[in-house]
Amino acid sequence: ARLSCFNTPPTKFHQLSPQYEEPADCSTQALHQQANDPSIPPPTAPIPQPISLHPVSSFPPKYQTIFREFSHFNQDQSEVLPDTLNTDQPIVVASPTGSGKTVLFELAIVRLLDQMQSSVMDCKMVYIAPIKALCSERYRDWVHKFSPQDVKVVEVTGDMEGQDVEEIRSNNLIITTPEKWDAVSRWLSLTDPQLISSLRLVLIDEVHLLNDKDRGH
């Protein structure tokens, strides 16, 4: 998901479930007609058209190392890739666990890096996940992948401390939890609004958990 402070364009929603599609006509009337007239065949689901898999080799060499674990993006990733790389449209992706959604976050980061070029340190990116263990996993992975791109990654998930603000100032990819970012961003909006205005990319993982009744609101 991308954050735009003004004139936010409509969000592009991708529901990725290649194993299932709604039948062509599942209306009550159609099902009733079929039940009362055996000669009418039941509605059938259309066969999904395969997506051409996008090769990693099409990226500039300096970005290929980020995706070196595979040669082609999978079907779900290849479907969302054009919107992620070629537009600034906010994107919401719903797909099964293990389908490779993390790679889509990395594609969004690559787009911003390519746009900012040498001024990458002038912008901030925020990754938000509801579980500290997931934040730690992203931190370990992304330090390894994005440090060669001159991206400074920091994990900010503990209790509010003065050093957190300094870490956010000196790094540009912030990995944090919803509660932590809520506290930090409120503080910064009052004390350093220019820092908040440098935010260019917001990535939210496991978004369905953010409104969980056990987490508070």
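## Fold and helix H5 in a predicted model

From the N terminus on, the elements of the protein chain follow the order β-α-α-α-β-α-β-α-β-α-β-α-α-β, and the chain holds eight helices and six strands. The model is predicted, and the values below should be read with that in mind.

Of the 217 residues of the protein chain, 35% count as buried. Among the contacts with a separation of 6 or more, 63% are between residues 24 or more positions apart. The surface that the protein chain exposes amounts to about 12700 Å², of which 54% is supplied by carbon and sulfur atoms.

Helix H5, which covers residues 132-146, shows how one element sits within this arrangement. Its 15 residues should span 21 Å at 1.5 Å a residue, and because its end C-alpha atoms are 20 Å apart, the expected and the modelled span agree. Which residues of H5 are buried? They are Leu 134, Cys 135, Arg 138, Trp 142, Lys 145 and Phe 146. These residues cover an arc of only 100° around the axis, and therefore they lie on the same side of H5. On the other side of H5, the exposed residues are Ala 133, Arg 140 and His 144.

The cover over the buried residues of H5 includes one helix and several strands, as listed here.

| Element covering the buried residues of H5 | Residues |
|---|---|
| Helix H4 | 101-116 |
| Strand S3 | 124-128 |
| Strand S4 | 153-156 |
| Strand S5 | 173-176 |
| Strand S6 | 199-204 |

Taken together, H5 has buried residues, including Trp 142 and Phe 146, that are covered by elements including helix H4 and strand S6, whereas His 144 is exposed on the other side.

Methods: Residues numbered from 1 in each chain as written. Predicted model: local features only at pLDDT ≥ 70, side-chain atom pairs only at ≥ 80, totals over all residues. Heavy atoms only, no water. Helix = DSSP H or I, 4+ residues; strand = E, 2+ residues; numbered from the N terminus. Expected span 1.5 Å × (residues − 1). Buried < 20%, exposed > 50% of the residue type's maximum accessible area, 1.4 Å probe, protein only. Arc of directions from axis to C-beta. Contact = heavy atoms within 4.5 Å. Areas by Shrake-Rupley, 256 points an atom, 1.4 Å probe, with all protein chains shown as cover.
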